[in-house]
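This briefing sets out the computed features of one protein chain for a reader with a structural background. The sequence and the model are shown first.

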Amino acid sequence: MENEIYIKDLKILENNRSLKDIIIVDNNMHSFFLQITNGLPIYDYRGDKKDDLFLPLTQYLKSFLSVYDVRVKIDKDFKIKKFLEQR
């Protein structure tokens, strides 16, 4: 079914993990809409063997190693909340 939307709710993990430590990497912002500042938007992967975006993504994810709260960094870097508020 092509038009289905799956939403990931990180609150099911709160008993074991803090939301400040969790990142969702997804090509669909609807997937992480409930915790928008936990999500990293990425481009769709279409099977292109020349797709080399994984290396920059890996480097970016490494930048979270010394971050206390991933949500603050994601919000600062992507400004998704601000973008959604302006719509």
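The notes below cover the overall fold, the main pocket, the salt bridges and several individual residues.

The model is a predicted one. Its chain contains 3 helices and 2 strands, and from the N terminus on these elements follow the order β-β-α-α-α. Among the features described here are a pocket of about 300 Å³, the largest in the model, and a total of 4 salt bridges.

**Overall architecture**

- The C-alpha trace of the chain extends about 35 × 30 × 30 Å along its principal axes.
- The chain has 87 residues, of which 24% count as buried.
- Both strands precede the helices, as the order β-β-α-α-α from the N terminus on shows.

**The largest pocket**

- The largest pocket encloses a volume of about 300 Å³.
- Its lining is made of 13 residues, and those closest to the pocket centre are Ile 42, Tyr 43, Leu 53, Phe 54 and Leu 57.
- Two elements, β2 (39–41) and α1 (54–62), each give two or more residues to this lining.
- The greatest contribution comes from α1, which supplies 4 residues to the lining of the largest pocket.
- In terms of residue class, the lining of the largest pocket comprises 11 nonpolar and 2 charged residues, with no polar ones.

**Salt bridges**

- Side chains of opposite charge can pair when their charged atoms come close.
- The structure holds 4 such salt bridges, and three of them are described here: Lys 8 with Asp 26, Lys 20 with Asp 21, and Asp 77 with Lys 73.
- Lys 8 and Asp 26 meet through their side chains at 2.3 Å, N to O. This pair joins distant parts of the chain, with Lys 8 in the segment before β1 and Asp 26 in strand β1, 18 residues apart.
- Within this pair, Lys 8 is partly exposed at a relative accessible area of 35%, whereas Asp 26 is buried at 9%.
- The side chains of Lys 20 and Asp 21 form a salt bridge at 3.2 Å, N to O. Here Lys 20 counts as buried, with 18% relative accessibility, and Asp 21 is partly exposed, with a relative accessible area of 36%.
- Asp 77 and Lys 73 are linked by a salt bridge of 2.9 Å, N to O. Both residues belong to helix α2 and are 4 residues apart, about one turn of the helix.
- In the α2 pair, Asp 77 is partly exposed with a relative accessible area of 34%. Lys 73 is buried, because its relative accessible area of 19% falls under the 20% limit.

**Nonpolar surface patch and the segment before β1**

- Ile 5, Ile 7 and Leu 34 make a nonpolar surface patch of about 300 Å².
- One member of the patch, Leu 34, is placed in the loop between β1 (24–26) and β2.
- Another member, Ile 7, lies in the segment before β1. Ile 7 counts as exposed, because its relative accessibility of 52% is over the 50% limit.
- The C-alpha atoms of Ile 7 and Ser 31 are separated by 4.1 Å, although the two residues are 24 residues apart along the chain.
- Leu 10 is also found in the segment before β1, but Leu 10 is buried, with a relative accessible area of 7%.
- Leu 10 and Tyr 68 are 58 residues apart in sequence, and their C-alpha atoms are 18 Å apart in space.

**Backbone geometry at Lys 79**

- Most residues other than glycine have a negative phi.
- Lys 79 has a phi near 50 degrees, a positive value in a residue other than glycine.
- The position of Lys 79 is the loop between α2 (70–78) and α3 (80–86).
- Lys 79 counts as partly exposed, because its relative accessibility of 45% lies between the limits of 20% and 50%.

Terms used
Residues numbered from 1 in each chain as written. Predicted model: local features only at pLDDT ≥ 70, side-chain atom pairs only at ≥ 80, totals over all residues. Heavy atoms only, no water. 1 Å grid on protein atoms, 1.4 Å probe; cavity = no way out; pocket = protein on both sides within 12 Å on 5 of 7 lines; lining within 4 Å. Points joined across faces, edges and corners; volume = space filled by probe spheres on them. Nonpolar A, V, L, I, M, F, W, Y, C, P; charged D, E, K, R; others polar. Buried < 20%, exposed > 50% of the residue type's maximum accessible area, 1.4 Å probe, protein only. Patch = residues over 30% accessible without salt bridge, like charges linked within 9 Å, V, L, I, M, F, W, Y side chains within 5 Å. Areas by Shrake-Rupley, 256 points an atom, 1.4 Å probe, with all protein chains shown as cover.
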